[in-house]
Structure formats: structure tokens, C-alpha cells
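This report describes the helices, the buried residues and the aromatic pairs of one protein model. The sequence and structure come first.

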Amino acid sequence: MNGPLGWLAGIDPTPLFVLSLLPYLAFLWWAGRIEGFPKLALRGFQFTLVFVAVTIAAAIVAQLRYGELLANVDPLHGGAESLLTISNLLVVLGFSGIGAVITAQPPRS
């Protein structure tokens, strides 16, 4: 790759992924302390960390077992991506207000 941004191709992105966890963990900490933040949405954002961990493990398995990138091993890739779908669903349901209905306490008589 040539051009003014060609030097970016030589950078190893792994440390950037690790560093990106810091602001995300700060966001989770902040969101957990806001009283009005939907709890189901917060669980969805937290579940994203499960997706990341499983994706890393699946990438390692794909490399060691199949000698391929995760994107080339459909069962592992699809399984990992399904966790992101669940995470996104939790976030959407939480912000839509459905989570508040599910977790609401019935009136006491």
C-alpha cells in the first residue's frame, strides 16, 4: 500500500485492541452508576465482553486446529458472531423499555 497512509499497514493492531478495552470498561463503569440507564441494555453491553472473549478463543482454535483465520471457519465464526447478535438484542430491548417491563415488580396488595 502506497500513499500518505501506507505506513499504517505495518502497524500491529493487537495492542490497539487491548487498549480499546480501557475506555469500554470506563463506559461500563459509568453506565452502571447512572440510575436511569436501562439494566437490560447494560447487561447487553457487558455481554459484549463475553463475545470478545469467545471470539478470541475461537480465533485461536481456528488457527491451531484448522490453520485458518476465524473468518474462514464458518461454524466457529458463526457461533462467535451469534453472541454479538444476542448482545445487540439485549441492548435494543433494554433501550426500548421492554427490559423495564420484564424487571418491574408486581404491585403488592
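In this predicted model, helix α2 has 28 residues, which at 1.5 Å a residue should span 40 Å; the C-alpha atoms at its ends are 39 Å apart, so the expected and the computed span agree. The buried residues of α2 are A41, L42, G44, F45, T48, F51, T55, A58 and A62. They pack against α1 and α3. Just after α2, G67 has a positive phi of about 65°.

Helix α3 can be treated in the same way. It runs over residues 74-96, and its 23 residues should span 33 Å at 1.5 Å a residue; the end C-alpha atoms lie 32 Å apart, which agrees. Within α3, the residues A80, L83, S87, V91 and G94 are buried, and α2 is included in what covers them. G97, just after α3, takes a positive phi of about 100°.

**Overall make-up**

The secondary structure consists of 4 helices and 0 strands, and the pattern along the sequence is α-α-α-α. Of the 109 residues in the protein, 19% are buried. The accessible surface comes to about 8,100 Å², and carbon and sulfur atoms hold 70% of it. Among contacts with a separation of 6 or more, 54% are between residues 24 or more positions apart.

**The nonpolar core**

Nonpolar side chains tend to be buried together in soluble globular proteins. Here the largest nonpolar core has 7 residues: L28, A31, F37, A41, L42, F45 and V91. The elements that contribute two or more residues to this core are α1 and α2, and the largest share, 3 residues, comes from α2.

One core member, L28, touches L42, F45, Q46 and L49, leaving out residues up to four places away in sequence. Another residue of α2, T48, is buried because its relative accessible area is 17%, which is under the 20% limit. With residues up to four places away set aside, T48 touches Y24 and S87.

**Aromatic pairs**

A pair of aromatic rings is described by the distance of the centres and the angle of the planes. The structure holds 7 such pairs. Two of them, which share F27, are given in the table.

| Pair | Centre to centre | Angle between planes | Class |
|---|---|---|---|
| Y24 and F27 | 5.9 Å | 45° | tilted |
| F27 and F37 | 6.2 Å | 70° | edge-to-face |

Why is the pair of F27 and F37 edge-to-face? Its planes are at 70°, and an angle over 60 degrees puts a pair in that class, so the label follows. The pair of Y24 and F27 has 45° between its planes and is tilted.

The two pairs can also be placed along the chain. Y24 and F27 both belong to helix α1 (residues 14-33), where they are 3 residues apart, about one turn of the helix. The pair of F27 and F37 links distant parts of the chain, with F27 in helix α1, F37 in the loop between α1 and α2, and their positions 10 residues apart.

Are the rings in these pairs on buried or partly exposed residues? Y24 is partly exposed, with a relative accessible area of 22%, and F27 is likewise partly exposed, at 24%. F37 is buried, at 10%. Ring pairs join Y24, F27, W30, F37, F45 and F95 into a cluster, and F37 and F45 also belong to the largest nonpolar core.

A separate contact of a ring involves a charge: the charged end of R65 sits over the ring of Y66, 5.4 Å from the ring centre.

**The loop between α1 and α2**

P38 is found in the loop between α1 and α2. With a relative accessible area of 21%, P38 is above the 20% limit for buried residues and therefore counts as partly exposed. Which residues does P38 contact, leaving aside neighbours within four places in sequence? They are G94 and F95. G94 is one of the buried residues of α3, and F95 is one of the members of the ring cluster. P38 and I98 are 60 residues apart in sequence, while their C-alpha atoms are 9.5 Å apart in space.

How values were computed: Residues are numbered from 1 along each chain as its sequence is written. This is a predicted model: local features need pLDDT of at least 70, side-chain atom pairs count only at pLDDT 80 or more; totals for chains, interfaces and linings use all residues. Side-chain values use heavy atoms; hydrogens and water are left out. Rings of Phe, Tyr and Trp (its six-membered ring) pair if their centres lie within 6.5 Å; planes under 30 degrees apart count as stacked, over 60 as edge-to-face and the rest as tilted. Buried means under 20% relative accessible area, exposed over 50%, partly exposed in between (1.4 Å probe, protein chains only). A charge sits over a ring if NZ of Lys or CZ of Arg is within 6 Å of the ring centre and within 35 degrees of the ring normal. Contact means heavy atoms within 4.5 Å. A nonpolar core is a set of buried Ala, Val, Leu, Ile, Met, Phe, Trp, Tyr and Cys residues joined through side-chain atoms within 4.5 Å. The expected span of a helix is 1.5 Å times one less than its number of residues. Accessible areas come from the Shrake-Rupley method with a 1.4 Å probe; for residues, only the protein chains shown count as cover.
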